[in-house]
Each structure stands twice: as structure tokens, then as C-alpha cells.
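Work through the exercises below with the sequence and the model side by side. Each task is followed by a solution in steps.

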Amino acid sequence: MLHDRRTLVGPAMPQQHIGMIRQMWSERGEHTPWAMVLGAPPAALAAAAMPLPEQVNEDGYVGALTGRPVEVVRTLTNGLHVPANAEIVLEGYLSSDESAPEGPMGEYHGYAFPEGKHQPVFHVEAVTWRDAPVLPVCVAGLPPEENHTVWGTMISASALDLLRTAGLPVDLAWCSYEAATCWIVLSIDRARRAALGWTRRQLVDAVAEVLFPSHVGWMVPKVILVDDDIDITDVNQVVWALATRNHPATGQYVFPDAPGIPMVPYLTPEEVRTATGGKSVTDCLLPEDFRGTTTSFRGSYPQRLQEQVLADWHRYGY
């Protein structure tokens, strides 16, 4: 957030890479060299949204996404590398000890709190730009908007990679844009789960053990488990599964000590201060002894009848 003509104010939480790097410079008794790119290549925006583990750089993922290295130039004041085709570049240093009020302002979860809070100060020592630069803007608020589409997509990819690497029977992960990245839905491969012989509780605990301590798990407070017959990219199917498959008495698992992002609106002031508040896993898996079938147009009627209805669809007035 703009503080005055030469300074910005924004978060550098300890769980974020920027917070970790700031801490390293602060331990040396120095301010943190800093640069901000406004109007980066699209692949850079996607990589920046990836919640990668600490000590893992996002810049290598930009070239991986585009298939070629990104051309870079050095900033004028501190020698950092920035994309050569950026629209606007701010550069300077992130103070090791200064803070100033940030906000109130709209956030990714769709709310603006009545009062701001103190955040670190970013000093701007130079601004460079292309001819006729374009300043991109994301108007944070009710989903879906760019915070949810870019961030949610890359959170999903990172979480899926983490869970698959750990050997869990997860075939897809998805942060529904409509949920403002406050939940992630996991599609569970029923055949693999059966082969592992895991109970519901064992599956829930395995997901929590892998996901919650990770950087990507820190960012999403709620996890929803569904069987692989649900298209988790379709929020209507997720809502249907949540309404019809989650047992109100036994289908909710809470992990009160799990760390979490301190920006979701329902947290208490103490939870915000300590970055706690817990996480949950919601079980929307069908019972093992369930013998019913899903009823739908495509699943319940003969193929010939489906084709006849679809061929006459416009004649029916639709």
C-alpha cells in the first residue's frame, strides 16, 4: 500500500519467502534489497503464486513454464535481477525495523477490516518503466477475481505435487475460486485407497500430516475430501457432495494446533497474533457399504435417447 511518495507498506510474514529473506538480512544488521515488478510476464505471475517450500526459488519455474529462460536486467540501485520486459519496476530496500499503518483495504477473502495494522516499510529509491507502460490492477474483493484464479490454481498444483510425492491416493486437488482459496478439495482415488486398506481416519490423518506443516498447507484452512466420481473443478458437484455425503456428527475432523495464515476473517485477535486458529478436514467420502448409483441425464438414460433429446434441444425452446 502507498504510504507516501517514497515508501510503501506491506506484509512480510515469517512464513512467506520475503519474510524469511528479511529475517536473514536483519540478522546481519542490514536492510533487505528489494524490487517490485508491476506488469511481469504471465508465467512470472503464475510462479510467484506458487507456495513453494522455503529455500526454493520461484524464478526457475518461470523458465520451466515458458520453455525458455527469462531475459533479465539488473536494477539501478541494488543489483537485483528483474524481467527485462517488465512494465514498471520499483526498487530500493525493505526496512529491517520500520513499520507503518497499512489499510484498511480490500483483501483476497472479500472483506475490508475497519482498521489497518502496522506492517514493514518498503523504501523506493528508483522507478523505471517501459515506453507507455501498462499498470495492471487487481481489485481484491468477492470471488472470483485474479487473487483467486492465479493463486488458487498454483496452490492446487503445489498441493497435488506434495500429496502425490508422499504416496497419498489423491488424483486431483482444486481450490474452488468461489471459496476465495479458503478451502481446497481433494479427489481421492477409491481403488488406490482400497488397495492401501486405509480407514477414513487413517486417510484424514495422512493428509493432515503431509499438508498442514507445509507452506502450501499453511495457506488454506479447510480441506474437503471427495471420491473420484466428483468433478472437483465444478463447484456445483462439490456442494452436492458436501450436502449429501458429509455426516454432520462424524464427518468433520479438526486440528486446532495446525498453523495457519492470519488473514482469514473468522480468526480471533489472539489467533491472528500467533498465526494459529486450526484447520479442518471435511469427509465427503461415500460409506464403504454404499450400493447406490448417481442418477443423471448421462448416467441414467440410454445413449440413443440422450442423442435424440440433444438433437431436438433447440426445438424444445432451450
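**Exercise 1: The enclosed space**

The largest cavity holds about 50 Å³ of space, in what is a predicted model. Task: find how many cavities of 30 Å³ or more there are, and describe which residues line the largest one.

Solution. Begin with the count, which comes to one cavity of 30 Å³ or more. Next, look at the lining of the largest cavity, where Trp218, Val220 and Pro221 are found together with Gly260, Ile261, Val264, Tyr266 and Leu267, and also Thr276, Gly277, Gly278 and Lys279. Finally, sort this lining by class, which gives seven nonpolar residues, four polar residues and one charged residue.

**Exercise 2: The open sheet**

Task: state in what order the five strands of the open sheet lie, and say which of them are the edge strands.

Solution. Start with the order, which reads β1-β2-β7-β6-β3, with antiparallel pairing. The two ends of this order are taken by β1 (residues 2–4) and β3, the edge strands, each of which pairs on one side only. From one strand to the next, the twist averages 40 degrees. As background, the strands of a sheet pair through backbone hydrogen bonds, in either a parallel or an antiparallel way.

Now follow the pairing strand by strand. Between β6 and β7 there are 11 bridges in the antiparallel sense, and one of the matched pairs is glutamate 102 with its bridge partner lysine 117 in β7. On the other side, β3 is joined to β6 by seven bridges, and these two strands also run antiparallel. Here leucine 38 has isoleucine 88 in β6 as its bridge partner, while isoleucine 88 in turn stands opposite tryptophan 129 in β7.

**Exercise 3: The helix across the sheet**

Task: work out which strands helix α1 lies across, and which residues of this helix are buried.

Solution. First place the helix: α1 lies across β3, β6 and β7, and its direction makes an angle of about 75 degrees with β6. Then turn to the burial within α1, which covers residues 17–27, and note that His17, Gly19 and Arg22 are buried, a term that stands for under 20% relative accessible area. The cover over these buried residues includes β3 (32–38), β6 (88–102) and β7 (117–129). To finish, move just past the end of α1, where glycine 29 takes a positive phi of about 75 degrees.

**Exercise 4: An open pocket**

Task: give the volume of the second largest pocket, and find which element gives the most residues to its lining.

Solution. The second largest pocket holds about 590 Å³ of space. Its lining is made of 24 residues, and the closest to the centre are Lys117, Gln119, Pro262, Met263 and Val272. Two elements, β7 and α9 (269–274), give two or more residues to this lining, and α9 gives the most, with three residues. Lys117 thus appears in two settings, close to the centre of this pocket and as the bridge partner of glutamate 102. By class, the lining divides into 13 nonpolar, six polar and five charged residues.

**Exercise 5: The whole protein**

Task: say how many helices and strands the protein has, and what percentage of its residues count as buried.

Solution. The protein has 11 helices and 12 strands, and of its 318 residues 40% count as buried. The C-alpha trace spans about 70 × 50 × 40 Å along its principal axes. Lastly, among contacts between residues at least 6 apart in sequence, 66% join residues at least 24 apart.

Terms used. Residues numbered from 1 in each chain as written. Predicted model: local features only at pLDDT ≥ 70, side-chain atom pairs only at ≥ 80, totals over all residues. Heavy atoms only, no water. 1 Å grid on protein atoms, 1.4 Å probe; cavity = no way out; pocket = protein on both sides within 12 Å on 5 of 7 lines; lining within 4 Å. Points joined across faces, edges and corners; volume = space filled by probe spheres on them. Nonpolar A, V, L, I, M, F, W, Y, C, P; charged D, E, K, R; others polar. Buried < 20%, exposed > 50% of the residue type's maximum accessible area, 1.4 Å probe, protein only. Helix = DSSP H or I, 4+ residues; strand = E, 2+ residues; numbered from the N terminus. Contact = heavy atoms within 4.5 Å. Pairing = 2+ DSSP bridges. Axes fitted to C-alpha atoms, helices over the stretch in contact; angles between N-to-C directions.
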